[in-house]
Amino acid sequence: MSNTVEIYVSLLDEGVCVWRPVQAEHLHDNAYRIARRPYDHSIESWQFQPGETVLCEIVESADGPILAATRKVS
């Protein structure tokens, strides 16, 4: 990946708002492709999967503003 950046993906079924930092390729504007990497689906459930293209925006987290995946690009 040439334009690799860190974005955040929401974890599902956590009971509280939890964000997982992941590497992603910046494609254009606010579109990013999540880097392909294995992860244990029995431990974490990601809102968006590795390899998917997502739209990101700045959201407020408990630790301050983050670049978060908010929608999947179809």
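How far is the sulfur of Cys 56 from the closest cysteine sulfur? The legends below, all for a predicted model, start with that one.

**View 1. Two cysteines that stay apart.** The sulfur of Cys 56 sits 14 Å from its closest cysteine sulfur, the one in Cys 17, and that's too far for a bond. A disulfide would need the two sulfurs within 2.5 Å, and searching the whole structure turns up 0 disulfides. The two residues also sit in contrasting surroundings: Cys 56 is buried, with a relative accessible area of 5%, whereas Cys 17 is exposed at 62%.

**View 2. The largest nonpolar core.** Here you're looking at a set of 13 residues. Those with the most contacts inside the core are Ile 7, Val 9, Ile 34, Trp 46, Val 54 and Ala 69. Four strands, β1 (4-10), β2 (19-28), β3 (31-34) and β4 (53-61), each chip in at least two core residues. As a rule, nonpolar side chains in soluble globular proteins tend to be buried together.

**View 3. The company Ala 69 keeps.** Skip the neighbours within four places in sequence, and Ala 69 is still in contact with Ile 7, Tyr 8 and Val 9, among others. Trp 19, Gln 47 and Phe 48 are also on its contact list, and so are Val 54, Leu 55 and Cys 56.

**View 4. A stacked pair of rings.** Search the whole structure for aromatic pairs and you get 1. The partners are Tyr 39 and Trp 46: their ring centres are 4.0 Å apart and their planes are at 5°, so this pair counts as stacked. Both Tyr 39 and Trp 46 are buried.

**View 5. Glu 44 meets Arg 20.** This is one of 3 salt bridges in the structure, and its closest N and O atoms are 2.1 Å apart. Glu 44 belongs to the loop between β3 and β4 and Arg 20 to strand β2, so the pair ties together parts 24 residues apart in sequence. Glu 44 is buried, at 14% relative accessible area, while Arg 20 is partly exposed at 26%.

**View 6. Two further salt bridges, Lys 72 with Glu 52 and Glu 25 with Arg 33.** In the Lys 72–Glu 52 bridge, the closest N and O atoms are 3.1 Å apart. Lys 72 is in strand β5 (residues 64-72) and Glu 52 in the loop between β3 and β4, so parts 20 residues apart in sequence get tied together. Lys 72 is exposed at 52% relative accessibility, but Glu 52 is buried at 18%. For Glu 25 and Arg 33, the closest N and O atoms are 3.0 Å apart; Glu 25 counts as buried and Arg 33 as partly exposed.

Definitions and conventions
Residues are numbered from 1 along each chain as its sequence is written. This is a predicted model: local features need pLDDT of at least 70, side-chain atom pairs count only at pLDDT 80 or more; totals for chains, interfaces and linings use all residues. Side-chain values use heavy atoms; hydrogens and water are left out. A nonpolar core is a set of buried Ala, Val, Leu, Ile, Met, Phe, Trp, Tyr and Cys residues joined through side-chain atoms within 4.5 Å. Buried means under 20% relative accessible area, exposed over 50%, partly exposed in between (1.4 Å probe, protein chains only). Contact means heavy atoms within 4.5 Å. Rings of Phe, Tyr and Trp (its six-membered ring) pair if their centres lie within 6.5 Å; planes under 30 degrees apart count as stacked, over 60 as edge-to-face and the rest as tilted. A salt bridge is a side-chain nitrogen of Lys or Arg within 4 Å of a carboxyl oxygen of Asp or Glu.
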